[in-house]
Amino acid sequence: MNALVALCHFCELHGPRTLFCTEALHPPSPAPSSQTGAPVPGDRDRDGDREGEGLTMRANSSATQRGEMCEGCRSLPASHPGFVSIDDETGIRFLSHQHPRQPQLFSVVRQACVRSLSCEVNSDVCPGREGPIFFGDEQHGFVFSHTFFIKDSLARGFQRWYSIVMVAMDRIYLINSWPFLLRHLKLTIQSLQSTALKVFDSEQGVCPQRTVRMNSVFSPAVFPHQRSGNAARSLTSLTQHPNLWASLHSSFSWLLKACGSRLTEKLLEGAPTEDTLVLIERQTEQEEEMSCWEGAEGSGSKLQQHQSDSELGLDFLCDDAKLDELPGLKFRSLRHLRQVLGAAEFRQLAWHVLMGNQVIWRGADPGLIQSAFTVLKSLLPVGCVRAVPYSTHYEEAYKCNFLGLSPDVPIPTHVSSSEFSVLVDVSSERGCHTSAAGEEDICSLYQFTISSANPQPTDRGPTLLNKLEVALSNENLSVDVVSHCLLCLKEEWMNKVKVLFKFSKVDGRGREDTQKVLALLGATGPSEEDNVRLLKYWMTGLSKTYKSHLMTAVRGGERSPSQ
């Protein structure tokens with residue numbers, strides 16, 4: 001990520017000053033005439049010396065000369081070479097000193113420092129002057145800034161004003177990184193504040209400055225000298241941290257590396273799918289929610305509750321790639337699940353999944369149940385999935401459509417007698433439907449009993465399920481081919497869902513016109529009832545982005561030509 005992080009301070013004598021800056025230096029592209037091989041001995045040392053020399057020269061030639069700096073304005077001595085860390089994976093070097101190494105960045109950081117500590121910027125955006133703000137432009141870059149106070153027994157008001165800024169030219173990248181930056185900068189700030197608070201309490205215990213100031217006689221002639229003496233106090237003195245700047249260098253370097261690697265660009269063929277949009281929306285909501293929990297009063301207990309909900313499976317961003325990491329026996333694919341359960345039982349279970357009914361698995365092996373859910377979730381759009389992989393009590397259907405329970409959890413009567421749920425009991429008994437390699441291990445340990453108040457005959461079901469059954473039963477098709485077939489089927493029916501949503505919900509057409517559209521979409525016939533039910537259920541999985549786009553188009557007068 002092309003960005004830099006800086007710690008800024010508002011000095012009572014000299015105004016806003018940059019205390020510490022960390023920037024990333026990307027390795028130069030190899031020259032066409034260069035040949036691969038081991039580097040010449042001493043090159044890296046000479047490069048490091050040049051970098052250290054450049055840092056020192058920049059510090060000495062900056063606008064803030066030593067005569068204009070007090071102890072509160074200075075972090076590292078002018079002779080200090082700075083800190084350098086090298087990322088072995090990418091070759092990027094993270095350089096830290098009081099001022100940026102590159103001259104063209106000095107004015108950019110200086111302006112960001114002044115604006116981050118400006119009353120005009122903070123008073124309107126951050127009540128109390130503490131907190132995150134965002135500002136900037138295309139010419140001078142965009143800035144994420146977090147202002148905060150550090151306790152000081154000798155300062156006016158017993159506190160000094162600081163800020164941490166991240167400067168980048170990519171506005172969208174910086175805004176998308178807001179929750180991540182806020183979460184990790186708060187940790188750094190809280191660490192500084194807690195360390196300084198201990199020093200403050202210790203000093204106040206020895207010599208309470210409030211009492212001294214109240215008893216002292218005010219003298220206009222002495223006040224400027226007193227103010228000058230109080231202002232010259234470094235952050236190292238306030239925190240009594242012997243390795244403060246090395247620690248900040250490590251924190252800022254990690255932040256630049258992590259922020260640059262957490263978001264990656266992907267080349268997409270065509271418009272993003274609904275699943276992609278829903279995943280992006282949910283990730284954004286989770287990061288914003290986590291930031292709210294951490295920023296609220298009493299965040300400790302609330303954050304613990306939020307984390308417990310995540311452990312129950314309310315964290316919707318379940319990575320299917322982690323299937324191989326599950327311990328013990330597990331289902332590997334839809335075909336594997338069908339072979340273990342049997343064709344008729346699998347069809348009944350898949351029908352309930354596609355119709356949006358609650359699917360409950362009850363057993364003693366959480367890994368096996370979670371692998372079953374991972375496989376079954378591939379039948380649905382991401383927006384339709386609400387999973388609680390394993391719980392010690394029953395969760396209502398409005399909370400989750402996939403629910404894993406421990407063996408001793410009773411099923412409520414209203415659920416067991418409902419036609420909108422299906423229960424799969426996993427018991428440790430012998431029983432097997434097939435002797436194919438790989439399945440006998442699960443069958444030798446478990447028996448699967450499927451029960452529902454609405455058992456479906458095997459000759460009916462949505463068109464999507466019928467086509468999927470043909471692909472699963474064809475042994476000439478590999479598992480990967482079947483997965484791609486399912487992906488195409490889901491995309492086909494999600495397009496039908498979009499048409500039906502636009503036609504019935506947005507345009508508000510009647511039942512007769514809707515029936516004609518269903519016939520046009522191929523949703524009528526012997527499976528019409530199940531097809532319509534599938535389409536209506538899958539409407540709930542449409543992304544907010546798509547729905548908002550349609551509503552905006554309607555408000556803007558972009559209605560269908562027939563209207």
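This section describes the fold, confidence, salt bridges and nonpolar cores of a predicted model.

The chain contains 21 helices and 12 strands. Of its 563 residues, 44% are buried. Contacts between residues at least 6 apart in sequence are made up, to 71%, of pairs at least 24 apart. About 29300 Å² of the chain is exposed, and carbon and sulfur atoms supply 54% of this area.

The mean pLDDT of the chain is 77, and 73% of the residues score at least 70. Strand E8 (residues 358-362) has the highest confidence, at 95, whereas helix H11 (residues 299-314) has the lowest, with a mean of 39. The pLDDT is below 50 over residues 297-321, a stretch for which the model shows 35 contacts beyond near neighbours in sequence. Residues 430-439 also have a pLDDT below 50, and 20 contacts beyond near neighbours in sequence are found for this stretch. Where pLDDT is low, predicted coordinates should not be read in detail.

In the whole structure, 9 salt bridges were found. One of them joins the side chains of Lys-498 and Glu-274, with an N to O distance of 3.6 Å. Because Lys-498 belongs to helix H18 (residues 479-506) and Glu-274 to helix H10 (residues 274-295), this pair ties together parts that lie 224 residues apart in sequence. Lys-498 and Glu-274 are both buried.

A salt bridge is also formed by the side chains of Glu-469 and Arg-338, at 3.2 Å from N to O. Glu-469 is located in helix H17 (residues 463-473) and Arg-338 in helix H12 (residues 334-341); the pair thus links distant parts of the chain, 131 residues apart. Burial is defined by a relative accessible area under 20%. Glu-469, with a value of 11%, is therefore buried, and Arg-338, with a relative accessible area of 17%, is likewise buried.

The side chains of Lys-399 and Glu-395 meet at 3.5 Å, N to O, in a further salt bridge. Here Lys-399 is partly exposed, its relative accessible area being 39%, whereas Glu-395 is buried, at 11%. In addition, a network of salt bridges connects Asp-87, Glu-89 and Lys-257.

The largest nonpolar core comprises 58 residues, and within it Phe-331, Trp-361, Phe-448 and Trp-538 have the most contacts. Helix H18 contributes the largest share of this core, namely 9 residues. This helix also carries Lys-498, the partner of Glu-274 in helix H10. Trp-361 falls within the residue range of strand E8 (residues 358-362), the element with the highest confidence.

The surroundings of Phe-448 were examined with its neighbours within four places in sequence left aside. Phe-448 is in contact with Phe-331 and Trp-361, two of the residues with the most contacts inside the core. Its other contacts are Val-340, Leu-341, Leu-368, Val-424, Asp-425, Val-426 and Ile-442. Val-340 and Leu-341 fall within the range of helix H12 (residues 334-341), which also holds Arg-338.

A second core, separate from the one described above, has 35 residues. Val-5, Phe-20, Ile-150 and Leu-255 are among its members.

Terms used
Residues are numbered from 1 along each chain as its sequence is written. This is a predicted model: local features need pLDDT of at least 70, side-chain atom pairs count only at pLDDT 80 or more; totals for chains, interfaces and linings use all residues. Side-chain values use heavy atoms; hydrogens and water are left out. Helices (H or I, at least four residues) and strands (E, at least two) are DSSP runs, numbered from the N terminus. Buried means under 20% relative accessible area, exposed over 50%, partly exposed in between (1.4 Å probe, protein chains only). Contact means heavy atoms within 4.5 Å. Accessible areas come from the Shrake-Rupley method with a 1.4 Å probe; for residues, only the protein chains shown count as cover. pLDDT is the predictor's confidence in each residue, from 0 to 100. A salt bridge is a side-chain nitrogen of Lys or Arg within 4 Å of a carboxyl oxygen of Asp or Glu. A nonpolar core is a set of buried Ala, Val, Leu, Ile, Met, Phe, Trp, Tyr and Cys residues joined through side-chain atoms within 4.5 Å.
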